[in-house]
Amino acid sequence: MALAEITGDISSIGYGLAAIGPGIGVGIVFAAYIQATARQPESAGLTRPYLFMGFALSEALALFGLVLAFVFSNPAA
Amino acid sequence: MSLQLAPLAADVPWPPSVEEAFFPPGVAGSLWVTKFSIMVWLAVAVIIVFFLVTQRNPKLVPTKAQWLSESIYSFVRNGITKEVIGHEGPRFAPYLTTLFVFISFINLFAIVPGFQISPSSHIAFPTVLALISFLIYWYQGAKKHGFWSYIKTSIVLPAPWWVQPILLPIELAQILLIRPVTLAVRLFANLFAGHLILLVFTLGGFVLMGSGNIGLAAVGVISWGMSIVMTLFEAGVALLQAYVFVLLSASYVQSSLADEH
């Protein structure tokens, strides 16, 4: 039985794994913002800076994963 | 049905490599004058001229251009500095507005036809911007508290003594390393990834078109459609990342100026 052969770089898989956590985190951040705004619409402007701050801080982890995927990828292989 | 786009597919570099996509040769054979330095000079020149012209002769009833420049400034001054830093905020509004306008401008080069790549997708440019913010929040903290007591107020948190051996190094790394590195890498990686996504959809469209299979060619059209959608998405990302960079710079300044934890 011929098995399929996969070529490529395992750092891509590593990036996929690294994106799971930040994905959940960004989801939680936006869910909390929507919930806060639905409960108290006048607080939307007040919490917006925190929304973007929390979003940016969680997203940074996924972006590190992306950068490291390129850093540790082996173009020769 | 013959696919006339087939010869085109041979011309596109597939898969797109980082070297080809991100390091175009210097302009006119020079190593130092590159597409990126020209874009940065252009951004600086346009921003200076725009603000000089619109604020040279300010009217009580503003013209459209004056209204635009004033609302950009008041967006940063009232929307970011006052909200995040507090009553000391407006002192930092000129720097943060400059930062916001400059980063937005160089980010938007990523979707301007003819440029199609942003200087921010090279790590050098965000690094310098992050270093400036880093120096400003260290300088402000040291000026307010004194150098050593700034470090002390920043890294000593109210926690049980047995947690401090773990906490102190983390907090020190936070103000020394993590904050500036994340500032730079966030901006860089967003624009870098955005450029790669646009490349994959656009060049992938050519490759699918040239595959000689009618079904795959149809997918190629979808791929080009997606590249248009992603271009609009990149416009949003460009402005959002400029906003996030300024917001985080402001919050770092605020934490430097804060008295106690």
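This short talk walks through a predicted model of two chains, A and B, beginning with each chain and ending with the places where they come together.

Let me start with chain A. Its secondary structure comes to 3 helices and 0 strands, and from the N terminus on the elements simply run α-α-α. The radius of gyration of chain A is 19 Å, well over the 11 Å that the globule rule gives for 77 residues, so chain A is more spread out than a compact globule. In terms of outline, the C-alpha atoms of chain A fill a box of roughly 60 × 30 × 10 Å along the principal axes, and buried residues make up 10% of the 77 residues in this chain. Of the contacts in chain A with a separation of 6 or more, 79% are accounted for by residues 24 or more positions apart.

There are some record annotations to set beside this. An unreviewed UniProt entry places the feature "domain: V-ATPase proteolipid subunit C-like" at residues 13-71 of chain A, and in the model that span is 92% helix and 0% strand, with its end C-alpha atoms 14 Å apart. UniProt, again in an unreviewed entry, also gives the annotation "transmembrane region" for residues 12-38 and 50-72 of chain A. Over residues 12-38 of chain A the model is 96% helix and 0% strand, with 38 Å between the end C-alpha atoms, while residues 50-72 of chain A are likewise 96% helix and 0% strand, with end C-alpha atoms that lie 33 Å apart.

One residue of chain A deserves a closer look, namely A:V29, whose place is in helix α2, residues 20-39. Is A:V29 buried or exposed? It has 20 C-beta neighbours inside 10 Å, and because 20 or more is the cut-off, A:V29 counts as buried. Leaving aside neighbours within four places in sequence, A:V29 is in contact with A:L51, A:G54, A:F55 and A:S58. A:V29 and A:Y50, which are 21 residues apart in sequence, have C-alpha atoms 9.2 Å apart in space.

Turning now to chain B, the secondary structure comes to 9 helices and 0 strands. The radius of gyration of chain B is 23 Å, well over the 18 Å that the globule rule gives for 261 residues, so this chain, too, is more spread out than a compact globule. Its C-alpha atoms fill a box of roughly 75 × 60 × 35 Å along the principal axes, and buried residues make up 32% of the 261 residues in chain B. For contacts in chain B with a separation of 6 or more, residues 24 or more positions apart account for 67%.

Within chain B, I would like to pause at α4(B). With 22 residues at 1.5 Å a residue, α4(B) should span 32 Å, and its end C-alpha atoms are 30 Å apart, which agrees. Buried residues in α4(B) are B:S69, B:V76, B:I80, B:T81, B:V84 and B:I85. What covers these buried residues includes α3 of chain A together with α3, α5 and α9 of chain B. After α4(B) comes B:G86, whose phi is positive, near 100°.

A positive phi also turns up in the loop between α5 and α6 of chain B, which is the place of B:Q116. Most residues other than glycine have a negative phi, but the phi of B:Q116 is near 60°. With 15 C-beta neighbours inside 10 Å, B:Q116 counts as partly exposed.

Finally, how do the two chains come together? In this model, 10 residues of chain A are in contact with 14 residues of chain B, and by class the side of chain A that touches chain B has 10 nonpolar, no polar and no charged residues.

The largest nonpolar core has 49 residues, and those with the most contacts inside it are B:L96, B:F100, B:F245, B:V246, B:L247 and B:A250. Which helices each supply at least two residues of this core? They are α3 (44-71) of chain A together with α3 (35-56), α4 (64-85), α5 (93-108), α6 (124-145), α8 (164-209) and α9 (214-257) of chain B. The most is given by α9(B), with 13 residues. As one example from this core, B:F100 touches B:V76, B:A242 and B:V246, not counting residues up to four places away in sequence.

Definitions and conventions: Residues are numbered from 1 along each chain as its sequence is written. Chains are lettered from A and ligands numbered from 1 in the order in which they are written. This is a predicted model: local features need pLDDT of at least 70, side-chain atom pairs count only at pLDDT 80 or more; totals for chains, interfaces and linings use all residues. Two residues are in contact if their C-beta atoms, placed from the backbone, lie within 7 Å. Ala, Val, Leu, Ile, Met, Phe, Trp, Tyr, Cys and Pro count as nonpolar, Asp, Glu, Lys and Arg as charged, and the others, Gly among them, as polar. A nonpolar core is a set of buried Ala, Val, Leu, Ile, Met, Phe, Trp, Tyr and Cys residues joined through C-beta atoms within 7 Å. A residue is buried if 20 or more other C-beta atoms lie within 10 Å of its own, exposed if 12 or fewer, and partly exposed in between; C-beta atoms are placed from the backbone. Helices (H or I, at least four residues) and strands (E, at least two) are DSSP runs, numbered from the N terminus. The expected span of a helix is 1.5 Å times one less than its number of residues. UniProt positions are given in the numbering used here, feature names are shortened, and annotations may be inferred rather than shown by experiment. The radius of gyration is taken over C-alpha atoms; the globule rule is 2.2 Å times the number of residues to the power 0.38.
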